[in-house]
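User: Please go through the structure below and justify the terms applied to it. I should like each term set against its criterion.

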Amino acid sequence: MELARHFRVQSIPALVIIDSQSAELITSCGRGCVVDDPVGLCFPWPMRDPTEVLKETTFISPRGDKVSYESISSHIKGLYFSAHWCPPCKAFTPLLIKLYKKVQKSGKKFEIIFISSDRSEESFVKYFSTMPWLAVPYSEEKTRKSLPHLYGVGGIPCLIILDENNSVITKEGRMEVNEDPEGEEFPWRPKLVDELGSKHISKLNEEPCLIYFTICEIRN
């Protein structure tokens, strides 16, 4: 249990790779690495800075234009991990499109990058054609598969919000959109005090928390 808490294991099976001499973490995404690299060509799969991976990638727009990461580096950025075959993804995407257009209309610098888990390029093209934002090209398979590992994505749909300096604001973007569809509190920066909800569950296992219970008396 102590090891699971230390390495923030949230589901099993999980494979954590550490250096045998220094005991330093090499990767906490060993399971995905084995699936993507079954012959171990890149073993022991050292983790890279995800920002560097993004900077090396040239994105595409729905019209086919090529867009560099540098051109949107000063924006608030949403990394949208999704796939056409995933029913919850197809239900969430229209909500995200609505919020995206509303935020952009308000004049805020906001861009979303679609990182696909689609199983064919045909499915990717069909799904991406419904979106108004950018995407990692389907041909960039290594990038599409490495980013979920580097950001610790456990399932889809997942929306991670990055600030202007590429630091993670929240990994619970999906819940934020569902709870705040009009984006009134966008980009959902951490508050000093939050009302405890399902989006905070992961934090309870990852960092010290103080929970304050109150009793509400209802009178007729």
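**Terms and their grounds**

Analyst: In this predicted model, the second largest pocket holds about 660 Å³ of space. Its lining comprises 25 residues, and Cys42, Lys142, Lys145, Ser146 and His149 lie nearest its centre.

User: What makes a residue part of the lining of the second largest pocket, and which elements supply such residues?

Analyst: A lining residue has an atom within 4 Å of a point of the pocket. Helix 2 (30–36) and helix 6 (141–150) each supply at least two residues of this lining, and helix 6 gives the largest share, with seven residues. By class, the lining divides into ten nonpolar, seven polar and eight charged residues.

User: Why is Ile26 called buried?

Analyst: The cut-off for a buried residue is under 20% relative accessible area. Ile26 has a value of 18%, and is therefore buried. This residue is placed in strand 2 (residues 25–27).

User: How do you know which residues Ile26 is in contact with, beyond its neighbours within four places in sequence?

Analyst: Contact requires heavy atoms within 4.5 Å. With those neighbours left aside, Ile26 is in contact with Ile17, Ile18, Asp19, Pro44, Trp45, Pro46 and Met47. As for Val16, ten residues from Ile26 in sequence, the C-alpha to C-alpha separation is 7.8 Å.

User: Why is strand 8 described as largely enclosed by the rest of the structure?

Analyst: Five of the five residues of strand 8 are buried, so the description follows. Cys158, Ile160 and Leu162 are buried on one side, and Leu159 and Ile161 are buried on the other. In a regular strand, side chains alternate between the two faces of the sheet.

User: What makes strand 8 and strand 5 a pair, and how does strand 8 stand to strand 9?

Analyst: Pairing requires at least two bridges. Strand 5 and strand 8 are joined by five bridges and run antiparallel, so the criterion is met. Strand 8 and strand 9 (residues 168–170), also antiparallel, are joined by two, and therefore pair as well. Leu162 is the bridge partner of Lys77 and stands opposite Val168 in strand 9. In the hairpin of strand 8 and strand 9, Asn166 takes a positive phi near 70°.

User: What makes a set of residues a nonpolar core, and which residues have the most contacts inside the largest one?

Analyst: The members must be buried nonpolar residues joined through side-chain atoms within 4.5 Å. The largest such core has 26 residues, and Tyr80, Leu96, Phe110, Phe114 and Trp133 have the most contacts inside it. Helix 4 gives the most to this core, with seven residues.

Methods. Residues numbered from 1 in each chain as written. Predicted model: local features only at pLDDT ≥ 70, side-chain atom pairs only at ≥ 80, totals over all residues. Heavy atoms only, no water. Buried < 20%, exposed > 50% of the residue type's maximum accessible area, 1.4 Å probe, protein only. Helix = DSSP H or I, 4+ residues; strand = E, 2+ residues; numbered from the N terminus. 1 Å grid on protein atoms, 1.4 Å probe; cavity = no way out; pocket = protein on both sides within 12 Å on 5 of 7 lines; lining within 4 Å. Points joined across faces, edges and corners; volume = space filled by probe spheres on them. Nonpolar A, V, L, I, M, F, W, Y, C, P; charged D, E, K, R; others polar.
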